[in-house]
Amino acid sequence: MKFRSKQLLASLALCALLPLAQVHAQDEAHAQDDADGRQSASRTRIGLSAGVQNSVHRFSIVPFSGEFQTMVDNGAVYGLMLAYDFGTRWSVMVEVNALHHGWEATYGDDPRVTLLVQERSMLDIPLLLRAETPLGRIPLYLAGGISLRSQKEEQLRYVVTYTGFTERDGWSTSRRYFDHPVLEFAGVAELGMDFDLSPEWSLLLSARWQHPLGAQVDEKVFDLRTLAEWRLRMAVLFTL
């Protein structure tokens, strides 16, 4: 999973150089014509996206005091995207993204506690309002909105394993299971660049921050919250 994520990240970085070179080569007249065309008419675009995601989690587990924090490589994210550009600088973006991930962390010696987040597949459906920034030839935009996430109920398990030693029983292991909500919402903010490669094709590069609303687990012996998710992605769009 981590190897595939690094390969995809390298590909995204390479693709980022292509539109930057194109923008450098354009003259002022062409850039102005492009801007006028985009401001004078609405357009609908569809496309495919791919990216990589990391997430930061904070949790507490009895019998340890305080909180733990860990960063997790969530792997690759793939999706479909629909964008409707209207007015001079505004757009609405709707996406359906797929993500498959899981992770594990171990703390302590005696007792030793292992937290296992079972492998799961998730659908991520964000609705974003986008505004282009007035930076001339740099096609920078800001976007924000909310995302609905859905996961299969049978995969939504957190497994906490306790391993300890006593004089009477020796080493012993016990497990407790905690459930994750089937549906959850997250706030989304994105910074990106949207390059027109031709009248029909465009390339989008962006960095996205997401924050799930509420805790994934909220119980006395185990509490887990996702502080942030960071996603780098690329999308290729076709104008209908």
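**Entry 1: a bridge partner in E5**

I began with Ile 125 and looked up its bridge partner, which is Leu 148 in strand E5. I note at the outset that the model is predicted. I then asked how the two strands run, and found that E4 (residues 112–132) and E5 (residues 140–151) are antiparallel. Eleven bridges join E4 to E5.

**Entry 2: from E5 to E8**

I next followed E5 to another strand. E5 also pairs with strand E8, residues 183–196, and I recorded eleven bridges in the antiparallel sense. As an example I looked up Ser 147, whose bridge partner in E8 is Ala 186.

**Entry 3: from E8 to E9 and E11**

I continued from E8 to strand E9. These two strands run antiparallel and are joined by eleven bridges. I noted that four residues lie between E8 and E9, which form a hairpin. For one position in this pairing, I found Val 188 opposite Gln 210 in E9.

I then moved from E9 to strand E11, residues 222–239, and counted ten bridges between these antiparallel strands. Here I looked up Ser 206, and its bridge partner in E11 is Arg 233.

**Entry 4: one residue in E8**

I chose Ala 189, which is found in strand E8, for a closer look. Is Ala 189 buried or exposed? I found that Ala 189 is partly exposed, because its relative accessible area is 33%, and buried would require under 20%.

Which residues does Ala 189 touch, leaving aside those up to four places away in sequence? I listed Ala 143, Gly 144, Ala 207, Arg 208 and Trp 209. I also looked up the separation from Gly 145: the C-alpha atoms of Ala 189 and Gly 145 are 6.7 Å apart, although 44 residues separate them along the chain.

I added a general remark on strands to this entry. In a regular strand, side chains alternate between the two faces of the sheet.

**Entry 5: aromatic rings**

I searched the whole structure for aromatic pairs and found nine. The pair of Phe 64 and Phe 68 is edge-to-face, because the planes of the rings stand at 85°, and an angle over 60 degrees counts as such. The centres of these two rings are 5.7 Å apart. I checked the exposure of both residues: Phe 64 is partly exposed at a relative accessible area of 25%, whereas Phe 68 is buried at 18%.

I then took up Tyr 84 and Phe 86. Why is this pair called stacked? The planes of the rings of Tyr 84 and Phe 86 are at 20°, and planes under 30 degrees apart count as stacked. Their ring centres are 6.0 Å apart. I recorded Tyr 84 as partly exposed, with 37% relative accessibility, and Phe 86 as partly exposed, with 29%.

I also looked for rings that are linked through pairs. Phe 59, Phe 64, Phe 68, Trp 103 and Tyr 107 are joined by ring pairs into a cluster.

**Entry 6: charges over rings**

I looked up two arginines beside tyrosine rings. The charged end of Arg 120 sits over the ring of Tyr 158, at 4.9 Å from the ring centre. The charged end of Arg 130 sits over the ring of Tyr 141, at 4.4 Å from the ring centre.

**Entry 7: the whole chain**

I turned to the chain as a whole. How many helices and strands does the chain contain? I recorded two helices and eleven strands. Read along the sequence, the two helices come before the strands.

The chain has 240 residues, of which 42% count as buried. I noted an accessible surface of about 13000 Å² for the chain, with 62% of it belonging to carbon and sulfur atoms. Among the contacts with a separation of 6 or more, 67% come from residues 24 or more positions apart.

**Entry 8: confidence**

I closed with the confidence values. The chain averages a pLDDT of 82, and 80% of the residues score at least 70. Where is confidence lowest, and where is it highest? I found the lowest in helix H2, residues 28–40, at a mean of 46, and the highest in strand E9, residues 201–212, at 96.

I also recorded two stretches in which pLDDT stays under 50. Residues 21–33 form one such stretch, and the model has ten contacts for them beyond four places in sequence. Residues 35–39 form another, with nine contacts beyond four places in sequence.

Terms used
Residues numbered from 1 in each chain as written. Heavy atoms only, no water. Pairing = 2+ DSSP bridges. pLDDT = per-residue confidence, 0-100. Contact = heavy atoms within 4.5 Å. Phe/Tyr/Trp six-rings, centres within 6.5 Å; stacked < 30°, edge-to-face > 60°. Buried < 20%, exposed > 50% of the residue type's maximum accessible area, 1.4 Å probe, protein only. Lys NZ or Arg CZ within 6 Å of the ring centre and 35° of its normal. Areas by Shrake-Rupley, 256 points an atom, 1.4 Å probe, with all protein chains shown as cover.
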